[in-house]
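Please work through the following exercises with the sequence and the coordinates open beside you. Each one sets a task and then gives a solution in steps.

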Amino acid sequence: MNNLTANYERILEVLRKISKEQLLSYQRRKPKMSDLELISLALTSEFMGIDSENDLFRKLPISISVKIERSVYNRRKRNLSNHMDTIRLKLASYFNEFEDYFIIDSMPLEICKLSRSSRSKICKESIYSFPDKGYCASQNSRYYGYKLHAVCSVSGVFQSFDLSPASVHDIHYLKDIQTQIKDCTLLADKGYLSSEIQLNLFETCKITLNTPMRKNQKNYRKQPYVFRKKRKRIETLFSQLCDQFMIRRNYAKSFDGFKTRILSKITALTVIQFINKFIFDRNINNLKISII
């Protein structure tokens, strides 16, 4: 895991099987480092826990560092974010194409401490991307930033995700689900309870929303144990993103930079799952492991 070059070559080998080298349609002059090589380098740094670009370029071997400058790397990585997401979806399709059960949940992403929120300028370059204050029930605390909404399969592969200001309620993300999945069962926690949206999901997309009922609800029934157990899979994924991929540590100053960081970490996780499954035939969720 300490061999950066070997990890980089392994990830690049996988990506070359599903994507072409140059992804941007127009480039003024041909770069020394191809678009796919740049994405592979970004995913390698996330896998190895190198969370700072300055630190990454200090550790890069000369054979790679001579191809690109750090500032150019940062700018091109943001420009390639849509293509990175396309690669992630292609990798996820190998796992999720025939899945009938998915899990939905959210987690807080703090960009600065609450006491600094009034004077913070992070991610405020556009009105639509302004962060705000929110409450996390699981941690019983208030925070300033965004909320990560995500859907994963019961095996632990992210199908889709999105960012919203921290004050947006979880249930609003269900409106976006209609365009992303269909004909399946969606497992959720009590934060997604809504009979109206539950009926709408089933009528429009044949999505069965299964949430635990509150004990004071009429005709209360306990959620089946197998559903309660499977729902913990996404919580484990969130813990892995926080631990190995340090998703809650933010160095970005713009919203484009912030969302690219989040996308890089989730894509890196999906790539390691793909390598575990189709190259080494081992448990896909063993992420702290050698891929060489």
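**Exercise 1.** What joins the side chains of Asp55 and Lys59?

*Solution.* Keep in mind throughout that the model is a predicted one. Begin with the charged groups: the side chains of Asp55 and Lys59 meet in a salt bridge, with 3.3 Å from N to O, which falls inside the 4 Å cut-off for such a pair. Next, place the two residues along the chain: both belong to helix α3 and stand 4 residues apart, about one turn of the helix. Finally, consider accessibility, where the partly exposed class runs between 20% and 50%; Asp55 is partly exposed because its relative accessible area is 22%, and Lys59 is partly exposed because its relative accessible area is 47%.

**Exercise 2.** Find the salt-bridge partner of Glu13, and decide for each of the two residues whether it is buried or partly exposed.

*Solution.* The partner is Arg10, and the closest N and O atoms are 3.6 Å apart. Glu13 and Arg10 are 3 residues apart in helix α1, so they are separated by about one helical turn. With a relative accessibility of 36%, Glu13 counts as partly exposed, whereas Arg10, at 19%, counts as buried, because the limit for that class is under 20%.

**Exercise 3.** Describe the helix that holds this pair, giving its span and the elements its buried residues pack against.

*Solution.* Helix α1 covers residues 4-16, which makes 13 residues, and from its first C-alpha to its last it reaches 18 Å, close to the 18 Å expected at 1.5 Å a residue. Its buried residues include Leu4, Tyr8, Ile11, Leu12 and Leu15, and Arg10 is listed with them. The packing partners of these buried residues are α2 (35-47), α3 (53-59), α4 (62-65), α6 (81-96) and α11 (255-278).

**Exercise 4.** Identify the salt-bridge partner of Lys259, and then set the pair within the total for the structure.

*Solution.* Lys259 pairs with Asp256, the closest N and O atoms being 3.5 Å apart. Both residues lie in helix α11, 3 residues apart, or about one turn of the helix. Lys259 counts as partly exposed because its relative accessibility is 34%, and Asp256 falls in the partly exposed class with a value of 34%. The structure holds 17 salt bridges, and a network of them links Arg16, Glu21, Glu37 and Lys67.

**Exercise 5.** Which residues have the most contacts inside the largest nonpolar core, and which element gives the most to it?

*Solution.* The largest nonpolar core has 69 residues, and those with the most contacts inside it are Leu15, Leu41, Leu148, Phe158 and Phe258. The element that gives the most to this core is α11, with 11 residues. A second, separate core has 17 residues, among them Ile104, Leu186, Ala188 and Cys205. To look at Phe258 in detail, leave aside its neighbours within four places in sequence; the residues in contact with Phe258 are then Leu109, Ile111, Cys123, Tyr146, Leu163, Asn250 and Ala252.

**Exercise 6.** Locate Ser117 and state whether it is buried or exposed.

*Solution.* Ser117 lies in the loop between β1 (101-112) and β2 (132-136). Its relative accessibility is 5%, and therefore Ser117 counts as buried. A polar atom of the Ser117 side chain lies 2.8 Å from the backbone oxygen of Leu114. Beyond its neighbours within four places in sequence, Ser117 is in contact with Cys112, Lys124, Lys133 and Tyr144.

How values were computed
Residues are numbered from 1 along each chain as its sequence is written. This is a predicted model: local features need pLDDT of at least 70, side-chain atom pairs count only at pLDDT 80 or more; totals for chains, interfaces and linings use all residues. Side-chain values use heavy atoms; hydrogens and water are left out. Buried means under 20% relative accessible area, exposed over 50%, partly exposed in between (1.4 Å probe, protein chains only). A polar contact is a pair of N or O atoms within 3.5 Å; within protein, one must be able to donate a hydrogen and the other to accept it, and residues adjacent in sequence count only if both atoms are side-chain atoms. Contact means heavy atoms within 4.5 Å. The expected span of a helix is 1.5 Å times one less than its number of residues. A nonpolar core is a set of buried Ala, Val, Leu, Ile, Met, Phe, Trp, Tyr and Cys residues joined through side-chain atoms within 4.5 Å.
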